[in-house]
Amino acid sequence: MDLAPPSPQAQARTLTVLGLESSCDETAAAILRRAPDGAVTVLADCVLGQTEAHAPFGGVVPEIAARAHAEAMDGLVVLALEAAGLAVSDLDGIAATSGPGLIGGVMAALMTAKGLALGSGKPLIAVNHLEGHALSPRISAPLAFPYLLLLVSGGHTQLLIAEEVGVYHRLGSTLDDAAGEAFDKTAKVMGLGFPGGPALERCAENGDAERFDLPMPLKGKPGCDFSFAGLKTAARQIWDGLEAPTEQDKADLAASVQAAIAAALARRTRRALAIFAERYPATARPMPLVVAGGVAANKAVRAALEGEAGAAGFRLIAPPMKWCTDNAAMIALVGLEKLARGQIDGLDAPARARWPLDAASAQSDPAIGSGRKGPKA
Ligand code: KG4
Ligand code: ZN
C-alpha cells in the first residue's frame, strides 16, 4: 500500500511514539521523537533477551517465549518511560509489532499497546516487524531512498528494495530455512551451544574453510531467492560421518559451513545489486546496500557482502548491532512515520503470524520460510 506523504499539520509537529516488540525472543520498548524535518532522536531503548530461558532446549521455544514476553512487557514500558522522563500522556501514539512472528509473542506487545491506547486515548499504530528492519538503518543516520536491504536473521532471509516509507519491493526470500537457522542448527548438531551463530563463528577461527565440500544452494537458478536446508543437511551428514571428531575437525567443518553460507548470501545478493542498479540508474554512487539482522554480525558474511558491494559500485551499510537485531526503536520509528502520514489502526488490529511486507510479490511468489522461529516471509 502506498502511504501518503506526511500531512502538513503532522509535518509541522514534533511527534513522540512508544514502540513495543515481542515477535521472537527479545522483549523491547523504546521511545523515539521525530522533528518536523524528519530527524529522529532515541529517547529510550530497552531490550530484554531470553537466551538463558531457551538455552537448555538449543532453540527458541514459542510457549516459553510468549510467557516471558507477557511477564516482562509492562516493566519494560515503565523503564522506557522513566528513561525518557515522560508519562503516557506525553506520547502522541503507541506502536507495536503486530506480525509476522510467533503468535503468542506478538500478542504480548500488541495487547499491551491496545491497553495503553484505550486507557490514554492515544492512537494505536500496528507495525509490520519487517518494515521495522527495513527502516532500521534510518534510526542512526540519514539514508535516502531507494536502497537495497539484505535482512539476515534467525527468522528471516530476504532481499528488499525500500523505495519509500510504506513502499517495499521484495526481490527474494528463503524457500526453506533462514540463514541464521543454518548457523544455529549446525552448531546444535556439533554441540557448540546456543545461540549457535556466534559459537560457530568462534569455532571456525582456526579452521580450514576448504576442507569440506558443501553444496551451493540454487546454483545456476535465476532469481534472488535463498535456500539453506540442503546445506544444513549436508553439514549434518559430514558431521555424522566423522568418527570421534577432533577439535581440528570441528573447526574445519565450522569454517566450511560458514564460508558456504557467506558465499550463498553473496551470490544471491549479487543478482539483487544488478537489478537495483538497472532499476535506479540515477541513484548517487556508491549505491547503498544495507545489511541487517543478527547474521550481519558474522565477519565472513560481512566480508563476502563487502566484496560484492564494492565490485558492483555499492557501499555496504550495517546499522549498529543493537538496531540490527530485534529491537523496539525500529518499531517506534515505523510508528512515527505512519503517524506523521495519518496512518493509524483500530483497536481490532489483528496479531498476524504471517504478514508479507510486499503483498504484490507475496501473491506472485508465495515463498514462505518456516524456520525455528516460525514462518516469517
Ligand atoms: O536478528 P536476530 O537477533 O533475531 C532474529 O532472528 O530475529 O538474529 C539472531 C540470529 C541467530 O540465528 C544467531 O545465531 C545469528 O543471528 N547470529 C550469528 C552471529 N551472531 C548472531 N550468525 C552468525 N555469526 C554471528 N556472529
Ligand atoms: Zn527480526
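Which residues point one way from strand β6 and which the other way, and are they buried or exposed? In this predicted model, Tyr147, Leu149 and Leu151 point to one side of β6, while Leu148, Leu150 and Val152 point to the other, and all of them are buried. Since six of the six residues of β6, which covers residues 147-152, are buried, the strand is largely enclosed by the rest of the structure.

The pairing partners of β6 can be followed next. With strand β7 (residues 157-164), β6 runs antiparallel, the two being joined by six bridges, and together they form a hairpin that has four residues between its strands. Within this pairing, leucine 150 of β6 stands opposite leucine 159 in β7. With strand β9 (residues 287-292), by contrast, β6 pairs in the parallel sense, over four bridges, and here leucine 151 stands opposite alanine 292.

From the strands we turn to the metal site. The zinc ion (ligand 2) has as its protein donors His129 (NE2), His133 (NE2), His156 (NE2) and Asp326 (OD), which lie 2.1 to 2.7 Å from the ion. Along the sequence these donor residues follow the spacing H-x3-H-x22-H-x169-D. Histidine 133, in helix α5 (residues 129-135), and aspartate 326, in the loop between α12 (321-324) and α13 (329-340), are 193 residues apart, so that this pair links distant parts of the chain. Histidine 133 has a relative accessible area of 1% and is therefore buried; aspartate 326, at 10% relative accessibility, also counts as buried, because the cut-off is 20%. As for the geometry, the angles among the four donor atoms of the zinc ion (ligand 2) extend from 89 to 163 degrees, and the site is irregular. For reference, four tetrahedral donors would ideally make angles of 109.5 degrees.

Helix α3 (residues 62-84) offers a check on length. Its 23 residues, at 1.5 Å a residue, should span 33 Å, and the C-alpha atoms at its ends are 31 Å apart, which agrees with that expectation. The helix nevertheless contains a kink of about 40 degrees, centred on alanine 72, and Ala72 is itself among the buried residues of α3, a list that also includes His69, Met73, Leu76 and Leu81. The elements that cover these buried residues include the strands β1 (15-21), β2 (26-34) and β3 (40-49), together with the helices α2 (51-54) and α4 (103-120). After α3 comes glycine 85, whose phi is positive, near 70 degrees.

Methods:
Residues are numbered from 1 along each chain as its sequence is written. Chains are lettered from A and ligands numbered from 1 in the order in which they are written. This is a predicted model: local features need pLDDT of at least 70, side-chain atom pairs count only at pLDDT 80 or more; totals for chains, interfaces and linings use all residues. Side-chain values use heavy atoms; hydrogens and water are left out. Buried means under 20% relative accessible area, exposed over 50%, partly exposed in between (1.4 Å probe, protein chains only). Two strands pair if DSSP finds at least two bridges between them. Donors are N, O and S atoms within 2.8 Å of the metal (3.2 Å for Na, K and Ca); water is not among the atoms, so sites may look incomplete. Four donors count as tetrahedral if all angles lie between 85 and 135 degrees; four count as square planar and six as octahedral if opposite donors are over 155 degrees apart and all others between 65 and 115; anything else is irregular. The expected span of a helix is 1.5 Å times one less than its number of residues. The bend at a residue is the angle between axes fitted to the seven residues ending there and the seven starting there. Contact means heavy atoms within 4.5 Å.
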